[in-house]
Protein chains: 4
Amino acid sequence: MSQDSRYSSIHYNSYLQLDRVLSSQELRSESLGAPAHDEMLFIIIHQVYELWFKQINHELRSVAALFSEQRVNEKSVGVAVARLGRVSEIFKVLIQQITVLETMTPLDFLDFRNYLFPASGFQSFQFREMEVMLGLKADRRHTYNDKPYNVVFDKEKKEKLDQLEHSRSLLELVEDWLERTPFLELGDFHFLKYYRAAVKRMLDRESEAIRNTDILSDEYKAMRLKMLGDTESYFAGIMDEKKHEAMLAQRKVTISYKATVAALFIHLYRDEPILHLPYQLLSRLVEIDDQVTTWRYRHAQMVMRMLGKKVGTGGSSGHEYLANTAMRHHIFADFHNVSTLLIPRSDLPELPEELKRNLGFYFTAVNA
Amino acid sequence: MSQDSRYSSIHYNSYLQLDRVLSSQELRSESLGAPAHDEMLFIIIHQVYELWFKQINHELRSVAALFSEQRVNEKSVGVAVARLGRVSEIFKVLIQQITVLETMTPLDFLDFRNYLFPASGFQSFQFREMEVMLGLKADRRHTYNDKPYNVVFDKEKKEKLDQLEHSRSLLELVEDWLERTPFLELGDFHFLKYYRAAVKRMLDRESEAIRNTDILSDEYKAMRLKMLGDTESYFAGIMDEKKHEAMLAQRKVTISYKATVAALFIHLYRDEPILHLPYQLLSRLVEIDDQVTTWRYRHAQMVMRMLGKKVGTGGSSGHEYLANTAMRHHIFADFHNVSTLLIPRSDLPELPEELKRNLGFYFTAVNA
Amino acid sequence: MSQDSRYSSIHYNSYLQLDRVLSSQELRSESLGAPAHDEMLFIIIHQVYELWFKQINHELRSVAALFSEQRVNEKSVGVAVARLGRVSEIFKVLIQQITVLETMTPLDFLDFRNYLFPASGFQSFQFREMEVMLGLKADRRHTYNDKPYNVVFDKEKKEKLDQLEHSRSLLELVEDWLERTPFLELGDFHFLKYYRAAVKRMLDRESEAIRNTDILSDEYKAMRLKMLGDTESYFAGIMDEKKHEAMLAQRKVTISYKATVAALFIHLYRDEPILHLPYQLLSRLVEIDDQVTTWRYRHAQMVMRMLGKKVGTGGSSGHEYLANTAMRHHIFADFHNVSTLLIPRSDLPELPEELKRNLGFYFTAVNA
Amino acid sequence: MSQDSRYSSIHYNSYLQLDRVLSSQELRSESLGAPAHDEMLFIIIHQVYELWFKQINHELRSVAALFSEQRVNEKSVGVAVARLGRVSEIFKVLIQQITVLETMTPLDFLDFRNYLFPASGFQSFQFREMEVMLGLKADRRHTYNDKPYNVVFDKEKKEKLDQLEHSRSLLELVEDWLERTPFLELGDFHFLKYYRAAVKRMLDRESEAIRNTDILSDEYKAMRLKMLGDTESYFAGIMDEKKHEAMLAQRKVTISYKATVAALFIHLYRDEPILHLPYQLLSRLVEIDDQVTTWRYRHAQMVMRMLGKKVGTGGSSGHEYLANTAMRHHIFADFHNVSTLLIPRSDLPELPEELKRNLGFYFTAVNA
């Protein structure tokens, strides 16, 4: 490190390259001789979005790097959790910002909308980068006027996206990491066996409680028992490796059976010290998933208010694309769905001594 | 007014009846001998929601009262706009609050969920009141396990809802008021004729501009001209009273042709003084519509995270209900869609002198 | 307007000049060979702030232009209100964003903080522009290490700020406009006389009510009467032109007596049609004032958490500057304080017919 | 547990005791024959605040209970962190809600303000409970018209607050827990000695770098060296137990020397597994501290806008109380200030093997 330059004086303006950044707003309406006041907002807000996308990708890239290690360092999981938390905070701002664009009325937008054709948010490269890095597969995407989504990018960017699509996404890296979870089999302890037994006990107890209750009508009992039966089949089905493989093939789930079991284990025993941060990690991914979806939804809502049933700026059938989008792009859906497999703490017995020790701190173990 | 009691001393605690309000939280898990810490949050947050619903309904009721007058006072429109703005601010809080409930993990919820059956948000009377007051018709609703939504309420509440459903909702009152807009025909001025001419001029000009552009390919020109043709048909179709009646019959729109034309007029000339507040009113209704929808959506998202694919607490198929709900309950959709009929200001010529005077202030007219 | 270029194809990427904007992030820690991950966030968030400052100044400049007219067009007030509302929405985002920077811990910041000296937020030119445009006078500012605030800018920027400081700020333009309010004297109606009478009636009535109340103790009555006396002196004092001039000279108030009376009139009769938007304008200015202050406060809070008692990055005594700042820079304080002069509607009698007509719509007047 | 009642049917309405809660809003203006529309909002929003205060206190009480154990279970720290995080989310809502009250204009408030005397937020018992539970000492409080703050409560409540004030607050419990941190002395490792050496190395290196830099002017070097000298004295002073005792006596700090050193240790080594949650705990306390302060500040701002310079509803000198309050009530200031003692990671050498093992997981240690 050069000691000299470390102490050379820097100024806010040059450090942030403001001369460059603040001279990058050229209103098309103005260059066409009919300046529309609101076009500045349109440009600025999209540039702000792109700056935040760059930041988000900076964080996601670093988390992917951490999880690309053969053995993911404990510290790395903590750092990953913090950075995904930061991505979450950024998304809150991205969602909040939409209210600023909503101060532009449809009438004001009409003043310069025609000059923007065919530019469209579809052409945001960084947003696609983000989706691919998270784990959105190309075949689950909507098309752009019936062409693949990447038709809008130049050769160089297409190649970058291609490359990204052939790298392991966060979803895949986390799946790999989950599959390496070491605690599922330890000595006499086999988690799945353990879990199935607990589920059975829980269902038996509920069944008996329902049957023995005097104050319920027979009709009501029958309904509750039927619901319990459904729940029973559900649990049984989920815990069947073959069934899971079939659903994987039909794209109804995206992560492996092994990773699913590990995720369940982490959720159930998340208060054990060594599982605390892994649990936080899965929670953060689910939270980001929800926020991306909320952002798409709010964005659709805003476009609808701005355009009614008309098309978006790029010729895309704006409204349909956006409305559906909200429901189709859940990347970490499998982590959401782990909650269907949870059972009450009261039905989860204490872990065997040896396992508890292995899930805990060294200090606790030697000073027990 | 009794001068005496006006100055009698009051204390914060008794004024807010806190002894009553703060002793209304009884944890079911506690009375069953297995206190679940998070059940307090579940109770408190729902009570908070209900208090805010009461406030919202207080505002909506007052706005409906103002619009029930034969001639809606100018001042009333201003008051209505302010109160609807307040409802909007409340909805922002209701949406924000969801993050508090999200601090309860699925595992924690499992600790007391079973004790709540069959209670469910479906049974919130005030929320139904709100929907009905805004203008949601019973036949557009989802059912509750295939029964009408009001099966969950006792006789007294059913009657209240019935009564409300037979009163004029905000949507209907605003429709009535719009139909009474006096400026659409004034002397030689006929708004619709005026508007159609402006639309034609706009389309003609765009068509010529596209044809005369050298730098576009023939293929591209053809596409732009086709889009213009679609837009032309769209405008033509909308401005046809018969076609509108047909769509009304099919429930594709909910307000009358006359009201639609008035809403369009208000949007286009919203900067004219006498139309400023009417425009604000329509905007506020659209904003509230979007917020109710966003709230339903975020609520669905939270329930999904909490339950995965399982059922909601009341036996309702929670997830499907909530997911669809987000898309189906737009009450003021017609006001949203006015934006499809807007044309750029530059294509809207100056209003005739007499009309401008009638849309303006007395002071301006006499001092011109 | 060139019809050709209007239809030339544009791409999202080039329209937003993203190649330029997204290549303006150079991490100092990286160029010094010790890349700090969090420096990217530091750069990006400040660039985002600067983009929003540009947008805010774009809005403020346009509002100043509207109010520079000799006679401010009615439509202009409406446009100004909408644009100030937009500035408000932006400030909500600027305040919300602080939570993103708070995801950077003090320990992380230490990794690159030393490389930033002496750059500091003090050097944000656009922020100073904003303050000056709003109406912050140079002599009310904090110094930068005991030098005038503008010592940090180069010659060109100093000249710009100088120029701005010698133009009329928003505060001054609005003051001018208030002084031109025509309704304060109309025929036999003299607002101040009218107002003083109403204040007297109100105070007399309260005084009598207190005296006649049996249920209060003598001690309590005495206290309430004393408070009433204080209120009386307060009102009397405020409505004295000489006293106001004295306070102006001592810088205890910033706008003229005439403008203050006009602001009071607008507040009291804000529901009269022609005063509705002027009232909104004053409210928006107060709201922005509060938001700038909240932003400074939250920023101080964040810096304190980041630095403890240490100095800020630029050698400024960060904490003291920021803590005091929150309390000292209220630009539109006089508009805040109008609320001290308000009296209940019930104490405000109906306006004379002629005045009401002049405050209303032409249509209402001719169709009464 | 009674199996029977577990399955008895419950209804939303009775579970939430809505008949009770929703019939607790009695408008004083209405009982006095002059109903003010906005009084409903005033009542409802304060009831909502009180419900949330109850929830906050429920969480704080549970965290205090967890920390009252002689040996605070590892799991307990995790639970405490989650619950304090919930309190944080609630405070975000409490702060957001203020915008709802701001939709009530000063003129509207005047319509019923007089009927509320002498009720005042000063009389919120739960808010005082919260302050005391967090750790606010009675002598640091503002008085209520020069009387002790608890003069406004009846005998029963005064006794409760007295009792609370004599229990150990969260601040004290956390201080106790910090003092029990076992890692500060382990074998040959003495944290303080270790830390002082690292500080010296850091300061020496910076000093040399400054001296050896050619590109800085002598004047500039002198200034930077002086700043470094100040920093040096600061560190030296802080790490002196006697000096700390003196500051404790003068109430300039509130926690013991031992607890301060432990907090510093936790901050510096927060990525070590066993310190991760303790670090989160301290962060959460600081965050809540900031939020309470932000809430007080925003509340003051709102009251100022509502009242100008007038008094609050209860005769308290509203504005001064609130303005000062923002700056005086930092309960966890000492945890904020730990950031002044942090040094860059690059200056912090690796921990000795034995210590690292003791700060890590058992699994890592045995599989290393």
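The secondary structure of chain A comes to 19 helices and two strands. The model is predicted. Buried residues make up 61% of the 368 residues in chain A.

**Chain A overall**
- Contacts in chain A often link distant parts of the sequence: among those with a separation of 6 or more, 77% join residues 24 or more positions apart.
- Chain A has an accessible surface of about 14800 Å². Carbon and sulfur atoms supply 51% of that surface.

**The nonpolar core**
- In soluble globular proteins, nonpolar side chains tend to be buried together.
- Here the largest nonpolar core holds 447 residues.
- A:Trp52, B:Trp52, C:Trp52 and D:Trp52 have the most contacts inside that core.
- A:Trp52 touches residues of chain A, including A:Ile90, A:Val93, A:Leu94 and A:Gln97.
- A:Trp52 also touches residues of chain C, among them C:Leu41, C:Ile44, C:Ile45 and C:Val48.

**How chains C and D are related**
- Chain C superposes on chain D after a rotation of 180°, with 0.0 Å of shift along the axis and an RMSD of 0.0 Å.
- The two copies are therefore related as by a two-fold rotation axis.
- The copies meet through the same surface, because 100% of the interface residues of chain C are also interface residues in chain D.

**A look at B:Gln17**
- B:Gln17 sits in the loop between helix H2 (12-15) and helix H3 (18-21) of chain B.
- Across the chain boundary, B:Gln17 touches D:Ser23, D:Ser24, D:Gln25 and D:Glu26.
- The B:Gln17 side chain reaches the backbone oxygen of D:Ser24 at 3.4 Å.
- B:Gln17 and B:Ala300 are 283 residues apart in sequence. In space, their C-alpha atoms are 34 Å apart.

Notes: Residues are numbered from 1 along each chain as its sequence is written. Chains are lettered from A and ligands numbered from 1 in the order in which they are written. This is a predicted model: local features need pLDDT of at least 70, side-chain atom pairs count only at pLDDT 80 or more; totals for chains, interfaces and linings use all residues. Side-chain values use heavy atoms; hydrogens and water are left out. Helices (H or I, at least four residues) and strands (E, at least two) are DSSP runs, numbered from the N terminus. Contact means heavy atoms within 4.5 Å. A polar contact is a pair of N or O atoms within 3.5 Å; within protein, one must be able to donate a hydrogen and the other to accept it, and residues adjacent in sequence count only if both atoms are side-chain atoms. A nonpolar core is a set of buried Ala, Val, Leu, Ile, Met, Phe, Trp, Tyr and Cys residues joined through side-chain atoms within 4.5 Å. Buried means under 20% relative accessible area, exposed over 50%, partly exposed in between (1.4 Å probe, protein chains only). Copies are superposed by least squares on the C-alpha atoms of residues with pLDDT of at least 70 in both. Accessible areas come from the Shrake-Rupley method with a 1.4 Å probe; for residues, only the protein chains shown count as cover. Lists of a residue's contacts leave out its neighbours within four places in sequence.
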